[in-house]
There are 2 protein chains.
Amino acid sequence: MKIKVGIVDDHQLFLRSLSLMLNSSRNYKVVIEATNGQHLKDKIYAIPELPDIMLIDVSMPVMDGQSTAAWMNRDFPSIKLVALSMNDKDIFVINMIKAGCCAYLLKDISPKDFETALDDVSTKGFHNSDVCNARRLMKYEEGVVKLTENEKKFLQYACTDMTYKEIANLMFLSERTIDGYRASIFQKLNVETRVGMAMEAVRRELVRI
Amino acid sequence: MKIKVGIVDDHQLFLRSLSLMLNSSRNYKVVIEATNGQHLKDKIYAIPELPDIMLIDVSMPVMDGQSTAAWMNRDFPSIKLVALSMNDKDIFVINMIKAGCCAYLLKDISPKDFETALDDVSTKGFHNSDVCNARRLMKYEEGVVKLTENEKKFLQYACTDMTYKEIANLMFLSERTIDGYRASIFQKLNVETRVGMAMEAVRRELVRI
DNA sequence: ATACACAACGAGTTATTTCCCCTTTTTATA
DNA sequence: TATAAAAAGGGGAAATAACTCGTTGTGTAT
C-alpha cells in the first residue's frame, strides 16, 4: 500500500519535479499538488482520496506555510503535516511546529534522508531532524524579548528618520513617556544608543523594514 | 540529439528531482550535478561530456552562484549559463547577468515555461523573462548610490552601538572627517538622522547586518 | 488591605548628534 | 598644467538623545 502524499509549494518547478520523483518510487503516490495554501483549500475537497502526509512549504505567497499548516491541522487533524523549507531560522521552525507540523525538513536534504523522514512520519508519527532540537528552540523562546504594545509601536517609529519629539506627538504621549519606552527597550535589547536599538530590532526581526 | 544539461543547486531534493524530470523528458540529458560551485569545479573535469547548458542556483553555500557563473564563463565560455533562483531582486539578476548568464529563471516557473526557456537558450542563445527587463535594471543601476571606500567603512560602523567619537578613533580619523562622511551619506541617502541613515542602509543592503 | 509591577508623566543635566562656518591636501580630468 | 572636484581636517553652536532623579494612578497577586 503506497503512502499518499500531498505537496504545497509555490516553486512550480520544484513541486512538479518532486511530485514526479515521489510518484516514480514504489512507496509513494502524490494525490494533491498546490502552489499555495489558498490553492490547496480550493482543491482538497474535490479529490477522491486524502493524503496521509502533507508536505508544506514555509514561505509562499497568498497564504503562507504557517497559516496553511494551522488550517490543515484544524480541518484535517488526521493528516500528518511536514514542513519543507530552505530556511532553518528558529522562528520558522517554532512557528511550523506550533502550527501542528510533526517534522521540519530542509530542502538541502538528500532524497535518501527525505524518504527516511517520510517513513518515520508514516510509522512513528513524527521525525526529529537537527533543526528541531528541542533544547535550542526552548532557549530561543527564552531569548525572545517581551515588549509591551506601546513599546512595540514606539520601536517601529524609533526605526525611522523621526525625532523622539515627533514620535511623541504622533503617539499622543509626552516626551517623558517615550523616553521611558526607550530606556526600557535599551535594557531589554542590551544597547546604549538609538542606532544600536534600531539595528538590534532589525536583527531580531522586531520591526518591519 | 538531446540537449546536455548541468545543474548546480544546494537543495539536494530539488537538484535530484529536477534532474529526474529532465532525464525523463525526450529532449534533455543531465550530464553533471553539483551542490555548490566548488563541488562543480571538483567534478567537471572528470566527466565524459560537457553540458550545453549549465543551470546555476544563485544562493549557495561555499561558492555562490555569481562566483560560479563567473568562473564557468571564463573557463568554459562555450557553455550557456542559466541562473535559477527563487529571488527576483534586481541586484541578484544584475549580478548573474554580469557574471555571464544568458537567462534568469525563477523557481516558481512552470515546467512548460521552463522547457521553453531552455529551448530558447539552446537555439537563440538567450531567453528574456520578465525579471530581465533591461529598462528596469538600468533604472536600478542609476538609483544605486555610489559611496567612497571610507564612507562605506564608516557606514558599517555607523550602523552599530558606537558613537561617532569611537568610530573616529577606530578609523584613525578626526571627528570632523567622520562628520564629513556622515553629511555626505545623509545627502546621498536623503535622510536627516543617524537612525534614518542606518535603516536606509539596511533597506538598500549597503551594510552587513 | 497591602505590597508589587508597571505604564504614564515631569524637571533638570550631560552627552551626542547635527549643522553652520571654514582651510588644506589629494585626486581626477579637461 | 590648470582647474575643478573630492577627501580630510577644524571651531563652535543648536538640536537631539540619553540619563538621573522623582510622582501618580492602575491593575493584580498575596
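Q: Which side chain has an N or O atom 3.1 Å from a base nitrogen of DNA strand C?

A: In this predicted model, the residue is D179(B), whose side chain places an N or O atom at that 3.1 Å distance from a base nitrogen of DNA strand C. The elements that give two or more residues to the surface near this strand are α9 (175-189) of chain A and α9 (175-189) of chain B.

Q: Which side chains lie 2.7 Å from a phosphate oxygen of DNA strand C?

A: N150(A) has a side-chain N or O atom 2.7 Å from a phosphate oxygen of DNA strand C. T177(A) likewise has a polar side-chain atom 2.7 Å from a phosphate oxygen of the strand.

Q: How are the atoms of DNA strand C within 4 Å of the protein divided between backbone and bases?

A: Sugar or phosphate accounts for 73% of these atoms, and bases supply the rest. On the protein side, 14 residues surround DNA strand C, and those that come nearest are T148(A), N150(A), Y181(A), Y164(B) and R194(B). By class, the surface near the strand comprises 4 nonpolar, 6 polar and 4 charged residues.

Q: Which residues come nearest to DNA strand D?

A: Of the 14 residues around DNA strand D, the nearest are Y164(A), R194(A), T148(B), T177(B) and Y181(B). Of the atoms of DNA strand D within 4 Å of the protein, sugar and phosphate make up 77%.

Q: What polar side-chain atoms lie by the bases and phosphates of DNA strand D?

A: At a base, a polar side-chain atom of D179(A) lies 3.2 Å from a nitrogen of DNA strand D. At the phosphates, R182(A) has a polar side-chain atom 3.0 Å from an oxygen of the strand, and the side chain of T177(B) has an N or O atom 2.4 Å from a phosphate oxygen. The elements that give two or more residues to this surface are α9 of chain A and α9 of chain B. The surface near DNA strand D has 4 nonpolar, 6 polar and 4 charged residues.

Q: How is the size of the interface between chain A and chain B to be read?

A: Interface size is often expressed as the accessible area lost when the parts come together. Here, the area buried between chain A and chain B is about 3,000 Å², and carbon and sulfur atoms give 73% of that area. The contact takes 34 residues from chain A and 34 residues from chain B.

Q: How many salt bridges and polar contacts are found between chain A and chain B?

A: The count between the two chains is 0 salt bridges. The interface of chain A and chain B does have 11 residue pairs in polar contact. On the side of chain A that touches chain B, the elements giving two or more residues are α1 (12-24), α5 (111-123) and α10 (194-203). The largest share, 9 residues, comes from α1(A). By class, this side of chain A divides into 18 nonpolar, 8 polar and 8 charged residues.

Q: How many salt bridges does a search of the whole structure find over all chains?

A: Side chains of opposite charge can pair when their charged atoms come close. The search finds 24 salt bridges over all chains. One of the pairs is D57(A) with K107(A), at 3.5 Å from N to O. This pair links distant parts of the chain, with D57(A) in strand β3 (residues 53-57) and K107(A) in the loop between β5 (103-106) and α5, 50 residues apart. D9(A), D57(A) and K107(A) are linked in a network of salt bridges.

Q: Are D57(A) and K107(A) buried or exposed, and why?

A: The cut-off for buried is under 20% relative accessible area. D57(A) has a relative accessible area of 1% and is therefore buried. K107(A) is also classed as buried because its value is 3%.

Q: Where do the partners of the salt bridge between D75(A) and R74(A) fall on the scale from buried to exposed?

A: The closest N and O atoms of D75(A) and R74(A) are 3.6 Å apart. D75(A) is partly exposed, at 35% relative accessible area, whereas R74(A) is exposed, at 59%.

Q: Is D120(A), which forms a salt bridge with K124(A), buried or exposed?

A: D120(A) is buried, with a relative accessible area of 18%. In its salt bridge with K124(A), the closest N and O atoms are 3.8 Å apart.

Key:
Residues are numbered from 1 along each chain as its sequence is written. Chains are lettered from A and ligands numbered from 1 in the order in which they are written. This is a predicted model: local features need pLDDT of at least 70, side-chain atom pairs count only at pLDDT 80 or more; totals for chains, interfaces and linings use all residues. Side-chain values use heavy atoms; hydrogens and water are left out. A residue is near a molecule or strand if one of its heavy atoms lies within 4 Å of it. A polar contact is a pair of N or O atoms within 3.5 Å; within protein, one must be able to donate a hydrogen and the other to accept it, and residues adjacent in sequence count only if both atoms are side-chain atoms. Helices (H or I, at least four residues) and strands (E, at least two) are DSSP runs, numbered from the N terminus. Ala, Val, Leu, Ile, Met, Phe, Trp, Tyr, Cys and Pro count as nonpolar, Asp, Glu, Lys and Arg as charged, and the others, Gly among them, as polar. Contact means heavy atoms within 4.5 Å. Buried area is the accessible area (1.4 Å probe) that two parts lose on being put together, summed over both. A salt bridge is a side-chain nitrogen of Lys or Arg within 4 Å of a carboxyl oxygen of Asp or Glu. Buried means under 20% relative accessible area, exposed over 50%, partly exposed in between (1.4 Å probe, protein chains only).
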